[in-house]
Amino acid sequence: MAFSRQCVRDADVDGRRVLVRVDFNVPLKDGEVADDTRIRAALPTINHLLERNARVILASHLGRPNGQVVEGLSMAPVAARLAELVGREVKLSPEVVGARASALAQALQPGEILLLENTRFESGETSNDPELGLALARLADVFVNDAFGTAHRAHASNVGIAADLPSVAGELLEKEVINLSAVADDPARPLVVVLGGAKVSDKIGVIDRFLEIADEVLIGGAMCFPFYRAKGGSTGDSLVENEGIPLAAEAIRKAAAGGCELCLPVDLALGREFSADTEVMNAEGTEVPDGWMGLDIGPVTAADYAARISAAGTVLWNGPMGAFELGPFESGTRTVAEAVAASPAFTVVGGGDSVAALVQFGLTDGVDWASTGGGASLELLEGRDLPGVMALNEA
Ligand code: ADP
Ligand code: MG
């Protein structure tokens, strides 16, 4: 598919000041970056700019400081980790915008990197205050948006700034949009969509859209329980999202009316409580007895889903099949993850926990695309326009 926005590869960046909105919203532990996946995901864009001798200014939010300066949410640990990854100095601006940020940006030489402080230290960030957007724009000559994870939000550092500068997509953002769009845009058939996780309401937009596009939609995780209830089944002590029950009923009607096969688990692994050392029992059918909760799909379901994934032309997987964090209940998610990784289909995985499962099982290399964006990937899959993409210059 052609990407409809300009990309950093085609932009004139040589020697120029380039402000890149990245997604460095990483987990911290004891004042250090606990997982640098998102920082590494931004390296293709950063390295491209360094090769072109650009003066690189990076901006990201970190956590939710709500417009206040929160010391524990400073970008300092991120600057330290990034410096290790790029093998050169990363200067840290003590503020997002203002006299000191401007002076540091002005002094920046070709091939140097300046990281601005946490954009959410400014209250105008999440309200998309045009003054903050303009102040950020004044730091640079070109804007690159590579923060796919926040592309579904219209904030000053990804949308406001684009009103005042030539604006192009970064390498990561472009790949995210192309790969996630490819699932719905003339996919190789059959298109098999595997959905799990905790709540139907999180993913109803995706369910609705893919009941129209996909050949098969396979449901797992706690998401199956509103479907069980909608069909008159019992769910025992399982995690059931009540608001999900009418949504599930509607999805069942829609699947029956259209050409899409909607599959629910035909067996489950049950526990007494949400714990790794609870008593475990396998159950067939769609009835969970009182005193038990469904914590994973069962082996019959897992084998069926794996076979469908193996036979697919395109696979989209979003949401674990069970409480995979708990050892006894990881098996369904592992079987599905292995099938996705081994499938000859074009395979796309979205959702923070599903990608975490892939990492846990060491299977990331087997998939064509593992999305870095949770909410943004869901909105894109729902077929919605992302403000962070729409704000960029058209190709
Ligand atoms: P993703 O981040 O991949 O989109 P979600 O956030 O929707 O996935 O769901 C992941 C969470 O769902 C995990 O914390 C997992 O423990 C939980 N979960 C999945 N199945 C069950 C279940 N049967 N019972 C309770 N929790 C479940
Ligand atoms: Mg999640």
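Me: What is the volume of the largest pocket?
Reply: The model is predicted, with local features needing pLDDT of at least 70 and side-chain atom pairs counting only at pLDDT 80 or more, while totals for chains, interfaces and linings use all residues. Residues are numbered from 1 along each chain as its sequence is written, chains are lettered from A and ligands numbered from 1 in the order written, and side-chain values use heavy atoms, without hydrogens and water. A pocket is an open set of points on a 1 Å grid over the protein atoms alone, with protein on both sides within 12 Å along at least five of seven lines. With volume taken as the space filled by probe spheres set on points joined across faces, edges and corners, the largest pocket has about 690 Å³.

Me: Which residues lie nearest the centre of the largest pocket?
Reply: The lining of the largest pocket (residues with an atom within 4 Å of a grid point) counts 24 residues. Helix 1 (37–41), helix 6 (171–184), helix 12 and strand 19 (369–370) each supply at least two of the lining residues. Nearest the centre of this pocket are Thr-37, Arg-38, Val-355, Ser-371 and Thr-372.

Me: In which pocket does ligand 1 sit?
Reply: Ligand 1 is surrounded by 20 residues (each with a heavy atom within 4 Å of the ligand), and the closest are Lys-203, Gly-294, Glu-325, Asp-353 and Ser-354. Helix 12 gives the largest share of this shell, three residues. Sitting in a pocket requires that more than half of a molecule's atoms lie within 2 Å of the pocket's grid points, and ligand 1 sits in the second largest pocket.

Me: How far is a polar side-chain atom of Ser-354 from an oxygen atom of ligand 1?
Reply: Polar contacts, which are pairs of N or O atoms within 3.5 Å, join ligand 1 to several residues, including Gly-294, whose backbone N or O atom lies 3.0 Å from a nitrogen atom of the ligand. The side chain of Asn-318 has an N or O atom 3.5 Å from an oxygen atom of ligand 1. For Ser-354, the distance from a polar side-chain atom to an oxygen atom of the ligand is 2.5 Å.

Me: How much space lies in the largest cavity?
Reply: A cavity is a set of grid points where a 1.4 Å probe fits but cannot get out, and the search of the whole structure finds one of 30 Å³ or more. Among the residues that line the largest cavity are Val-22, Asp-23, Phe-148 and Leu-172. The space in the largest cavity is about 50 Å³.

Technical notes: A polar contact is a pair of N or O atoms within 3.5 Å; within protein, one must be able to donate a hydrogen and the other to accept it, and residues adjacent in sequence count only if both atoms are side-chain atoms. Helices (H or I, at least four residues) and strands (E, at least two) are DSSP runs, numbered from the N terminus.
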